[in-house]
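Work through the exercises below with the model open. Each one sets a task and then solves it step by step.

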Amino acid sequence: MKGICKSFSGVPVLKDACFSISGGEVHALMGENGAGKSTLMKVLTGVHKRDAGEILIDGSPVNFLRPKEAEAAGISFIYQELNTMNDLSVEENMFMGREILKPPFGFGITDKKAMAAKAKETMAQLGVAIDPNTPMRFLSVGQQQMVEIAKSLLADCKALIMDEPTAALSPAETRTLFKVIERLKANGVSIIYISHRMEEIFEICDRITVMRDGQYIDTKKISETSMADVVRMMIGRDIDVRFPGRSAKAGAALLEVKGLSKKGFFEDISFSLCAGEVLGVAGLMGAGRTEIMHALFGSAPADSGSIFINGRQVSIRTPEDGIKNGIAFITEDRKLEGLILDYAIDANIALNNLDRISNHGVINTAKEKVLVTEAIRRLLVKCSSAKQKTGELSGGNQQKVVLAKWICGNPRILILDEPTRGVDVGAKKEIYMIINQLAEQGIGSIFISSELPEVLGMSDRIMAIHEGRIGGFIAGKEATQENVMTLCTGAAND
Ligand SMILES: Nc1ncnc2c1ncn2[C@@H]1O[C@H](COP(=O)(O)OP(=O)(O)OP(=O)(O)O)[C@@H](O)[C@H]1O
Ligand SMILES: [Mg+2]
């Protein structure tokens, strides 16, 4: 790709960007949130029409007008937000739009047997055990991704674009994905790997291209660069990637949870959270962490147990109860639960803070503007204006809007479920500093993350969840990856 330019409603997003990849190479594409990585790839596959520039495959110019054409030429795209049909089976998803037909072909009768056989064969080729008849909605995100990869193999792909493929995967699923990537690579498939996780890039990629503000910065061999080097290319200066220190001392107990249980999800959960404390929650995927948080917030109440806030027992049966009691919940699924993607940034933020910006039920637009402007400034949301639709923002910037809309409400208790998913290094650090600032103001935070180093770096105390029960607590100072994992896997009980 050479000299690629692309503007959206007059705002340039790609400015003379370029990119190249060789056969059988795993090539990382990195850059801050909003740098233009996803857009560049969408230009490549014909999702977006470029304003200028050239795309060559094996030396010949191409111009794909839609993703189907790119796919026919061997380029497949696994999007940042997966697009699967949850009510159809794995097999139906795989063959959608590329059904195998029975002769005489003109009748359009599908050959179910042939498709079943091909689906099985493709799964085997990837080395994953997924029954093609399973309805899509029963699969984990990692498994759904495997189906997407299988789909691209059916299309006989030569280059596969993976846009933040591990953002929603468990460590075990990530390992499976890496094995699949190795296999594809050995078969000569080129992979464009977009991720904010530096460790992964240094583990599986051969080369890296960095973009900044819609422009090409540089391409390097992984063996000839370093993480510090990559950060410098991405943001144009050095940043300290260590976790920021916090001076807040934990105060009085803010939240107390006693014997919270929900059949099939979690049992006998008891813990406390103090003012100004950051309580990390570690656990394997499916351990019940998110369900416990939904129970605290009221979006999926528990069957039994009690919740005390400032020593007073409270009844939290709906999210409204949760909000009234000063709880803010930043959910892990921003697309489904966190944002209204068709609404502008200001509307999304306002929606959570109507009390604060209205008089007698009428929104005061001046107050709204102040609140929204301050929120955007505080979280460094990259957008053309507060009126931009959240659906148009880059993934990481959407996450910042979710944070912004909750923090404006001055919560006392902040539940953060995977708050840094898909967020770039600089913005991650911003989020850590905001958590620290809030702690200094006496807010208690519950911090859930699948990235263990982050839990260790940020928490005063860590609560490990193992199969819906508390595996144990460890003080932040004494926590190591090993002792936390031991509690999370229940190995301590053996
Ligand atoms: N359809 C669209 N309409 C208007 N602006 C858009 C559209 N798609 C992307 N943009 C803008 O283009 C810029 C680049 O976005 P892009 O999604 O390519 O970033 P990214 O590098 O993939 O970031 P992230 O790491 O957060 O996913 C952003 O500022 C975004 O708001
Ligand atoms: Mg992106």
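**Exercise 1. A paired arginine**

Is R421 buried or exposed?

Solution. The model is predicted, so every value here is computed from predicted coordinates. Step one: take the relative accessibility of R421, which is 16%. Step two: apply the cut-off, since buried means under 20% relative accessible area. R421 therefore counts as buried. Step three: look for its charge partner. The side chains of R421 and E332 form a salt bridge, with N to O at 3.7 Å. Step four: place both residues. R421 sits in the loop between β20 (413-417) and α16 (425-440), and E332 in the loop between β17 (327-330) and α11 (334-338). They are 89 residues apart, and the pair links distant parts of the chain. Step five: classify the partner. E332 has 28% relative accessibility, so E332 counts as partly exposed.

**Exercise 2. Two further salt bridges**

Find the N to O distance for the pair D229 and K220, and for the pair R377 and E374.

Solution. Start with D229 and K220: their side chains meet at 3.2 Å, N to O. D229 is buried at 17% relative accessibility. K220 is partly exposed at 24%.

Now take R377 and E374. Their salt bridge has an N to O distance of 3.1 Å. Why are these two about one helical turn apart? Both belong to helix α14 (residues 365-378), and they are 3 residues apart, which gives that separation. Accessibility comes next. R377 reaches 54% and counts as exposed. E374, at 38%, counts as partly exposed.

**Exercise 3. From pairs to the whole charge pattern**

How many salt bridges does a search of the whole structure find?

Solution. The search finds 20. Next, look for linked groups. R197, E200, K428 and E451 are joined in a network of salt bridges. Then count charges. The chain carries 58 positive and 61 negative side chains. Finally, compare where the two sets are centred. Their centres lie 3 Å apart.

**Exercise 4. Positive phi outside glycine**

Locate N310 and E467, and give the phi value of each.

Solution. Take N310 first. Its phi is near 50 degrees, a positive value in a residue other than glycine. N310 lies in the loop between β15 (304-309) and β16 (312-314). With 46% relative accessibility, N310 counts as partly exposed.

Turn to E467. Phi is near 45 degrees there, again positive in a residue other than glycine. The loop holding E467 runs between β22 (461-466) and β23 (469-475). E467 is exposed, at 65% relative accessible area.

**Exercise 5. A lysine and an aspartate**

Which residues does K151 contact, leaving aside its neighbours within four places in sequence?

Solution. First, the position: K151 is part of helix α5 (residues 141-154). Second, the burial: K151 counts as buried at 19% relative accessibility. Third, the contacts: N93, M94 and R98.

Where is D58 found? D58 is in the loop between β5 (56-57) and β6 (60-61). At 76% relative accessibility, D58 counts as exposed. Now check a distance. D58 and S38 are 20 residues apart along the chain, and their C-alpha atoms are separated by 23 Å.

**Exercise 6. The global fold**

How many helices and strands are in the chain, and why does the chain count as being as compact as a globular protein of its length?

Solution. Count the elements: 18 helices and 23 strands. Next, the radius of gyration: 24 Å, close to the 23 Å that the globule rule gives for 494 residues. The chain is therefore as compact as a globular protein of that length. Along the principal axes, the C-alpha atoms fill a box of roughly 70 × 50 × 50 Å.

Then examine packing. Of the 494 residues, 51% are buried. Consider contacts between residues at least 6 apart in sequence: 66% of these join residues at least 24 apart. Finish with the surface. The chain exposes about 22500 Å², and carbon and sulfur atoms supply 52% of that area.

Technical notes. Residues are numbered from 1 along each chain as its sequence is written. Chains are lettered from A and ligands numbered from 1 in the order in which they are written. This is a predicted model: local features need pLDDT of at least 70, side-chain atom pairs count only at pLDDT 80 or more; totals for chains, interfaces and linings use all residues. Side-chain values use heavy atoms; hydrogens and water are left out. Helices (H or I, at least four residues) and strands (E, at least two) are DSSP runs, numbered from the N terminus. The radius of gyration is taken over C-alpha atoms; the globule rule is 2.2 Å times the number of residues to the power 0.38. Buried means under 20% relative accessible area, exposed over 50%, partly exposed in between (1.4 Å probe, protein chains only). Contact means heavy atoms within 4.5 Å. Accessible areas come from the Shrake-Rupley method with a 1.4 Å probe; for residues, only the protein chains shown count as cover. Lys and Arg count as positive and Asp and Glu as negative; His and the chain ends are not counted. The place of a charge is taken as NZ of Lys, CZ of Arg, CG of Asp or CD of Glu. A salt bridge is a side-chain nitrogen of Lys or Arg within 4 Å of a carboxyl oxygen of Asp or Glu.
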